[in-house]
Amino acid sequence: MAVEIPSRQLFIDGEWKEPVLKKRIPIINPATEETIGDIPRATAADVKIAVEAARRALARNNGKDWSSAPGASRAKYLRAIASKINERKTELAKLEAMDSGKPLDETVSDIGEVVSCFEYYAGLAEGLDAKQKTPVSLSTEKFKTHVLKEPVGVVGLITAWNYPLLMAAWKVAPALAAGCTAILKPSELASVTCLELAEVCINVGLPPGVLNILTGLGNEAGAPLSSHPDVDKISFTGSTLTGTKIMAAAAQSVKPVALELGGKSPIVVFDDADMEKAVEWTCFGICLSGGQTCSSTSRLIVQESIAMEFVNRLEDWTKLIKISDPMEEGCRLGPVVSKGQYEKILKYLEGAKSAKAKVLYGGNRPEHLKKGFFIEPTVVTEVTCAMKIWREEVLGPVLCVKTFNTEEEALDLANDSPYGLGAAVMSKDLEKCERFAKGVQAGVVWINCSQPSFIQAPWGGYKRSGFSRELGEWGLELYLNIKQVTEYVSDQPYGWFEGPPPSSP
C-alpha cells in the first residue's frame with residue numbers, strides 16, 4: 001500500500017523554513033509518471049543561511065555543545081536517530097520506493113542499513129575520546145609529541161539518487177560522529193526520505209544547525225554550497241562530470257573534497273566458474289537498483305569457451321525477473337528514476353546499434369507496462385572497446401559483453417576503462433582470483449560475487465571514479481583533521497644558539 005508524501009520545507013537551524021524564492025520542484029513517481037508531491041527548491045540565498053546556521057552550531061558555547069563535546073555525547077544523538085528511523089522503517093521504505101522507483105524489498109533493506117550506519121558511527125564516536133592525545137614514538141627524549149583529532153568544521157554533503165537515504169547516512173553519520181556540522185544536499189530526483197531525516201532530527205532534539213538539509217537543483221544549490229568560503233570540506237557522490245566541477249569550485253579556496261564518482265565495472269567470468277552462481281551474480285550486478293548503482297558490473301568479460309552458453313543462460317534468468325511497480329510483492333526490477341534517465345538509456349542503445357553492436361535481447365519497455373520509466377534487462381554484444389556503451393556509464397539495466405581467451409587478456413579488458421570503482425571475478429581457482437584482485441585497477445573487488453558492501457569496510461574508487469574512502473573507520477577519518485602537538489621536556493636549554501651570560505642580580 002502506498003503512503004502519502006509529506007509536504008516539507010527546507011530544514012535549517014533546527015526548523016522548517018520556506019525557500020527564500022518560495023519555489024518548489026514536483027515529485028514524479030517513476031512507476032506511474034504521476035506527480036505525487038513536491039519538494040522545496042533551495043538557491044544560493046538558502047545556502048548562505050544554512051552555512052551560517054552550521055557555523056553557529058560549530059562554535060556554540062566554544063564548541064562544547066557539539067564540535068568539542070565528548071564523542072559519547074554525540075553518539076547518543078546518533079543512536080537516537082537510528083532508533084527513530086527503525087521505528088519508521090516500513091513507512092520510509094515505501095516513501096523511497098515511490099520516490100526513486102526502487103523495489104520495495106530493496107528499500108526495506110536500504111533503510112535497515114541506514115539504521116546500522118548510524119549505530120556503527122555512534123560506536124566510533126564513543127571510541128574517539130580514547131584516541132585523543134595518542135603519543136607518537138620519537139627518536140629523541142627531549143620532546144614529547146601527541147596527536148589530536150579534531151572535526152574538519154562545516155561540511156557540505158552532496159548525494160546521488162540511487163540510494164537516497166542510505167547514501168546520505170554514509171556521509172551524515174560519520175560527519176556528525178566526528179563533531180562536524182553539515183549541510184546535506186540530496187539529489188532533486190529523490191529527496192523525500194532525506195527530508196524525513198530532518199523530521200527525525202527534530203524528534204530526537206538534535207541541536208539546531210548541526211544538520212541542515214537543502215533540497216534543490218545542482219546548479220542552484222549544490223554549486224553555491226561547493227564554492228561557499230565558509231564551508232570547510234565537500235563530500236560528493238555523483239557523476240564524474242559534476243565531480244570535476246566541484247573540484248574546480250573548491251580549488252578557488254583550496255577546499256578539500258572527497259569524491260565518489262561514476263563507474264563502468266567489469267565482471268570477469270572464467271570457464272571454471274560455477275555457471276549458475278556466476279549467472280545469478282551477473283544478473284544481480286546489473287539489475288540491482290535497476291543498474292543505476294555507480295558500481296554496477298555493467299561490462300561482462302566472459303571466457304570464449306563458455307560465452308554462448310553463459311549468455312543463453314543469462315537470458316533464461318532475466319526472463320524470470322519480475323518487472324513491476326516497486327510496491328508490488330516480489331518486484332525485482334522497477335523503473336529507472338526519471339524520464340531523463342530513461343531517454344538517456346535508450347539513446348545509448350540507439351548509438352550502440354548505429355555503431356554495429358547487437359542488442360541481443362531486451363532494450364524495450366515491458367509489454368505489460370504501458371506507463372512508467374521501465375526498461376527490460378538488456379544484453380549488448382559485438383561491442384568494441386571504443387564504443388560509448390562499453391566505455392561510458394549508462395546507469396540502467398544494460399550489460400555489454402566481450403569475450404577473452406587468456407587470463408592476461410581478461411585483466412587487460414577489465415582495466416581498459418577510465419573508471420575504477422568496482423570489479424568482480426568468478427572462478428573456482430582462488431589463486432587466479434587473487435591474482436586478478438591484485439592486478440585490477442579498482443577500489444573494490446568482489447570474488448565470486450558482485451555488489452556487496454559493508455559499513456565496516458572501505459568504499460571508493462581509482463582513476464575517474466574518484467578518491468578517498470567512505471565507510472568503516474576510513475569514513476570517519478574523512479571528517480577529522482590531524483593536529484600534531486609537541487612539547488619540549490628537557491631541563492637543559494636547547495643549545496642551538498650561544499646565549500648571553502646570565503644577568504647580574
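1. Helix 1 passes helix 7 in a right-handed crossing in this predicted model. The two elements, residues 44-59 and residues 218-227 respectively, pack with their axes 8 Å apart and at an angle of about 45 degrees. Helix 1 is therefore oblique to helix 7, since an angle between 35 and 65 degrees falls outside the roughly parallel and roughly perpendicular ranges. On the side of helix 1 the contact is made by A44, V47 and V51, and helix 7 contributes E220, A221, P224 and L225. By class, 6 of these contact residues are nonpolar and 1 is charged, with no polar residue.

2. A second helix pair is formed by helix 9 (residues 275-287) and helix 10 (residues 307-318), whose axes lie 10 Å apart at an angle of about 60 degrees. Helix 9 is accordingly oblique to helix 10. The crossing of helix 9 and helix 10 is right-handed. Helix 9 brings M275, E276, A278, V279, E280, T282 and C283 to the contact, where they meet E309, F310, R313, L314, W317 and T318 of helix 10. The contact of helix 9 with helix 10 comprises 7 nonpolar, 2 polar and 4 charged residues.

3. The largest nonpolar core of the model contains 102 residues. Within this core, I85, F118, Y121, L197 and V269 have the most contacts. Helix 5 (residues 164-178) supplies the largest share of the core, namely 12 residues. Another core, of 30 residues, lies apart from it and includes Y348, I375, W390 and L413.

4. The surroundings of L197 can be described individually. With neighbours within four places in sequence left aside, L197 is in contact with I81, I85, F118, L165, L184, L211 and I213. Two of these partners, I85 and F118, are also listed with L197 among the residues that have the most contacts inside the largest core.

5. E188 is placed in the loop that runs between strand 8 (181-185) and helix 6 (192-204). The relative accessible area of E188 is 28%, so this residue is partly exposed, the class that lies between the buried limit of 20% and the exposed limit of 50%. Not counting residues up to four places away in sequence, E188 touches I25, I39, G216, L217 and G218. Of these, G218 is the residue at which helix 7 begins. From E188 to L399 the C-alpha to C-alpha separation is 27 Å, and the two residues are 211 residues apart in sequence.

Key
Residues are numbered from 1 along each chain as its sequence is written. This is a predicted model: local features need pLDDT of at least 70, side-chain atom pairs count only at pLDDT 80 or more; totals for chains, interfaces and linings use all residues. Side-chain values use heavy atoms; hydrogens and water are left out. A nonpolar core is a set of buried Ala, Val, Leu, Ile, Met, Phe, Trp, Tyr and Cys residues joined through side-chain atoms within 4.5 Å. Buried means under 20% relative accessible area, exposed over 50%, partly exposed in between (1.4 Å probe, protein chains only). Helices (H or I, at least four residues) and strands (E, at least two) are DSSP runs, numbered from the N terminus. Contact means heavy atoms within 4.5 Å. Axes are lines fitted to C-alpha atoms, for helices over the stretch in contact, and angles run from 0 to 180 degrees between N-to-C directions. Angles under 35 degrees count as roughly parallel, over 145 as roughly antiparallel, 65 to 115 as roughly perpendicular and the rest as oblique. A crossing is left-handed if the near helix is turned anticlockwise from the far one by less than a right angle, and right-handed if clockwise. Ala, Val, Leu, Ile, Met, Phe, Trp, Tyr, Cys and Pro count as nonpolar, Asp, Glu, Lys and Arg as charged, and the others, Gly among them, as polar.
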